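Me: Please show me the structure, and then let us go through its architecture by question and answer.

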Amino acid sequence: MRRKFYCKNSVAFVFLVVFFCCISVLIISMLKVPDVDTGNGAMSIYDDTPLKSSGNDKSVGTFGNMMIDMLPEDLAFTVFVPSETAFERDLRLSANDSLVEEKINDTYVVISRVLGFSAIPRVLDTATVPISGEEVSYDSLSGFELFVSKNSEGVLVVNGVKSESVDIKRGKLVVHVMDGVIMDAEFEQSIQPDFDGDD
């Protein structure tokens with residue numbers, strides 16, 4: 001009996017198998033396939049909620065929504081957003097005064113600088129932070145080192161700043177609302193009020 005040609009030539013057979021495997025991988029990668037949940041929180045399946053804010057998310061606040069709107073929609077980030085109280089207390093930004101036409105550019109400068117200190121280019125849910133009080137270190141977008149841990153009550157703490165609300169999901173973004181502003185000493189000093197004391 002005579003064998004068919006494709007079985008006779010083993011090189012041609014291997015070439016066809018590799019060719020069809022490559023085509024299969026190419027077709028699968030072109031399809032929109034959701035991320036696989038590995039169980040350890042490294043990858044998660046996110047819903048398709050828009051990243052851009054609707055402007056009425058009270059838990060994140062006006063300035064927090066402005067920070068989130070500065071981030072790209074297609075990349076995963078974790079942002080430690082200061083609460084509205086923290087923006088007013090620590091940065092002297094209030095929604096009524098800082099968003100007027102004369103001050104809006106200065107407000108965006110401050111908010112973008114805070115975003116650089118408080119965003120990391122990865123997903124960090126509270127479930128992935130160890131409970132034992134052990135600090136985990138991450139570099140923010142500006143290169144500022146963030147030390148993330150949980151205190152004895154299980155509250156998320158970043159560089160000594162406690163969280164108010166955690167694990168708010170916006171597309172691929174995870175937002176944690178903090179009771180303070182995460183910033184380096186140089187920026188903190190630059191925003192302190194100038195005192196005109198009598199000398």
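Me: In what order do the seven strands form an open sheet?

Reply: This is a predicted model, in which local features need pLDDT of at least 70 and side-chain atom pairs count only at pLDDT 80 or more, while totals for chains, interfaces and linings use all residues. Residues are numbered from 1 along each chain as its sequence is written, and side-chain values use heavy atoms, with hydrogens and water left out. Strands here are DSSP runs of E with at least two residues, and helices are runs of H or I with at least four, both numbered from the N terminus; two strands pair if DSSP finds at least two bridges between them. The pairing in this open sheet is mixed, and the order is β2-β1-β7-β6-β5-β4-β3.

Me: Which are the edge strands, pairing on one side only?

Reply: General background helps here: strands of a sheet pair through backbone hydrogen bonds, either parallel or antiparallel. Strand β5 (residues 156-158), for instance, is joined by two bridges to β6 (residues 161-170), and the two run antiparallel. The strands that pair on one side only are β2 (119-120) and β3.

Me: Which element gives the largest share of the largest nonpolar core?

Reply: A nonpolar core is a set of buried Ala, Val, Leu, Ile, Met, Phe, Trp, Tyr and Cys residues joined through side-chain atoms within 4.5 Å, where buried means under 20% relative accessible area, exposed over 50% and partly exposed in between, using a 1.4 Å probe and protein chains only. The largest such core has 26 residues, of which M67, V79 and L91 touch the most other members. Elements giving two or more residues to this core include α3 (61-69), β1 (77-82) and α6 (104-118). The largest share, five residues, comes from α6.

Me: Why does the pair of F117 and F144 count as edge-to-face, and which parts does the pair tie together?

Reply: Rings of Phe, Tyr and Trp (its six-membered ring) pair if their centres lie within 6.5 Å, with planes under 30 degrees apart counted as stacked, over 60 as edge-to-face and the rest as tilted. The rings of F117 and F144 have centres 5.5 Å apart and planes at 75°, so the pair is edge-to-face. F117, at 3% relative accessibility, counts as buried. The parts tied together, 27 residues apart in sequence, are helix α6, which holds F117, and the loop between β3 (136-139) and β4 (145-150), which holds F144.
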